[in-house]
Protein chains: 2
Amino acid sequence: MQTMTGSDFIKAFPIFGRVKDGLARELLSIGVQRRIPAQERLYSEGDGCSGIALVISGEIRVFKTGRTGREITLYEIGPGETCILNASCILSGSSYPADAVASTDTEILLLPADSFKSLVDEHREMRDFIFRLLSNRLAGVMELVEEVAFGRMDERLWDYIIEKSEDNRLAATHQKIANDLGTSREVVSRLLKDLERRGSIAMSRNEITILSVT
Amino acid sequence: MQTMTGSDFIKAFPIFGRVKDGLARELLSIGVQRRIPAQERLYSEGDGCSGIALVISGEIRVFKTGRTGREITLYEIGPGETCILNASCILSGSSYPADAVASTDTEILLLPADSFKSLVDEHREMRDFIFRLLSNRLAGVMELVEEVAFGRMDERLWDYIIEKSEDNRLAATHQKIANDLGTSREVVSRLLKDLERRGSIAMSRNEITILSVT
DNA sequence: GATCTTATGTGACAAAGTCACAGACATGTA
DNA sequence: TACATGTCTGTGACTTTGTCACATAAGATC
């Protein structure tokens, strides 16, 4: 069981070397494996942080919630990535600035805060990994600010459909799309209807099909 | 001259210890002091990074620009802080994801990328400093996403006036305010006019005076 | 099929961004 | 002083986006 996890782990985090002799070995011996079922909440805004989660498989969605209940996705954490906000609040001593929920069933390796801190001190790979991720997140969220502040919703929606669709199909409710984009369900419905009328997509319950990539 | 800079430096960065024996000494011997006049551009989006800037005095504004020319301020860098995006792109090897311009005359200590990297490797204070700043920026920009996505412009404007004013006065053109908030000049003008009509502020060219803090 | 739950559609209105242009104020120059 | 110039502010008309209220539709369960 531990070995199985190990092989999944090095697949997700090749950067930490092999199980036999790499940093991976140390991580696996320190960390605790956990399974998070889909829809389970990992953190709420304002929480303190007890440890850091390395995602082995699955996906975690990090988002903000407005007073009216609207949501916007800040980014998603996939295999080989870390819930960097954990790192953030462990290393800077602040509290968690957003909500995090598993989008799918997710396997994580949970490292206690202390161990994580000493690993960062001792291992250059660990530092590089964290810095890189933190930097990329920052750049990504900055990009998001630009889109939200200046972008038009119809374009953002179209880009979203293109990006999230697989095989020209996207399975999602209008509400889910709205929650990712930071708008309301009605707006998504209206804009999708426009796209449908123009012949760019076809719609059925819970599914959008891309017809023309114009 | 060097000594003078030194004392300014440790005032801005007490975290790095004293000039005589602290990390401060090393930083001062490696870094090059530079003065940036107000309005001068430090970086444009897409630039590579040659070094990292520690701000000794003054202020640097980091912002995004939309296609229509609108701007939004992501954050400002003051004394004792770093143009963390430099760090970000040095450590992660990406390019600069925003624009940076000196808001006032600014003094910085410029560290070459290589020296910076080895300092981060060798000194725990340096690592903590960078992590903390990077984390805080990330949290700050997330907060900004929330405000832009869910906040009402009249509230954001009012908060801005309260925060930026000194002694109940704020010297700024409507255009400048719009550039900070990520909206257009007309919207700011209209909302300010409303505030004036309601008796919350008084306006004259280039200046806003807060009358009632309701 | 009757009933429930969830998903989608839409009109009416409010908030915010865009465009076009009119004044108002400050400064410099003749 | 009078005038020209550049910057700053005001405003109406229109578009886009968000909110509210409610109607309709599509699956699921019994």
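**A four-stranded sheet of chain B and the contact between chains A and B**

In the predicted model, B:I60 stands opposite B:A102 of strand β6 in chain B. This pair belongs to the contact between two strands, β4(B) and β6(B), which run antiparallel and are joined by four bridges. Strands of a sheet pair through backbone hydrogen bonds, in either a parallel or an antiparallel manner. On its other listed pairing, strand β4 of chain B, formed by residues 60-65, is linked to β5(B) by six bridges, again in the antiparallel sense. Within β5(B), B:Y75 is the bridge partner of B:V62. Strand β6(B) also pairs with β2(B), antiparallel and over two bridges, and here B:Y43 has B:A100 as its bridge partner in β6(B).

Taken together, these strands form an open sheet of four, in the order β2-β6-β4-β5 of chain B, with antiparallel pairing. Strands β2 (41-43) and β5 (71-77) of chain B lie at the edges, each pairing on one side only. On average, neighbouring strands of the sheet are turned by 30° against each other, direction ignored. Helix α5 of chain A, residues 124-150, packs on this sheet and touches β4 and β5 of chain B. The direction of the helix makes about 150° with that of β5(B).

In a regular strand, side chains alternate between the two faces of the sheet. Strand β6 of chain B, residues 99-102, follows this alternation: B:A100 and B:A102 point to one face and are buried, whereas B:D99 and B:V101 point to the other and are not buried.

Helix α7 of chain B (residues 174-181) is mostly covered, with six of its eight residues buried. These buried residues are B:H174, B:I177, B:A178, B:N179, B:D180 and B:L181. They pack against β5, α6 (153-164) and α8 (185-197) of chain B. Just after the helix, B:G182 takes a positive phi of about 85°.

The contact between the chains takes 33 residues from chain A and 33 residues from chain B. On the side of chain A that touches chain B, β5 (71-77), α3 (84-92) and α5 each supply at least two residues. Helix α5(A) gives the most, with 18 residues. By character, the residues on this side of chain A divide into 16 nonpolar, eight polar and nine charged.

The largest nonpolar core holds 126 residues, of which A:V141, A:V145, B:L74, B:V141 and B:V145 touch the most other members. When neighbours within four places in sequence are left aside, B:V141 is in contact with A:L138, A:V141, A:M142, A:V145, B:L74 and B:Y75.

Two copies of a chain are related by a rotation about an axis and a shift along it. Here, a turn of 180° and a shift of 0.0 Å along the axis lay chain A on chain B with an RMSD of 0.1 Å. This is the relation of a two-fold axis. Because 100% of the interface residues of chain A are also interface residues in chain B, the copies meet through the same surface.

Chain A contains eight helices and ten strands. Along the principal axes, its C-alpha atoms fill a box of roughly 60 × 35 × 25 Å. Of the 214 residues in chain A, 38% are buried. Among contacts in chain A between residues at least 6 apart in sequence, 65% join residues at least 24 apart.

How values were computed: Residues numbered from 1 in each chain as written. Chains lettered and ligands numbered in written order. Predicted model: local features only at pLDDT ≥ 70, side-chain atom pairs only at ≥ 80, totals over all residues. Core = buried A, V, L, I, M, F, W, Y, C linked by C-beta atoms within 7 Å. Buried ≥ 20, exposed ≤ 12 C-beta atoms within 10 Å, placed from the backbone. Contact = placed C-beta atoms within 7 Å. Pairing = 2+ DSSP bridges. Axes fitted to C-alpha atoms, helices over the stretch in contact; angles between N-to-C directions. Nonpolar A, V, L, I, M, F, W, Y, C, P; charged D, E, K, R; others polar. Least-squares fit on C-alpha atoms with pLDDT ≥ 70 in both.
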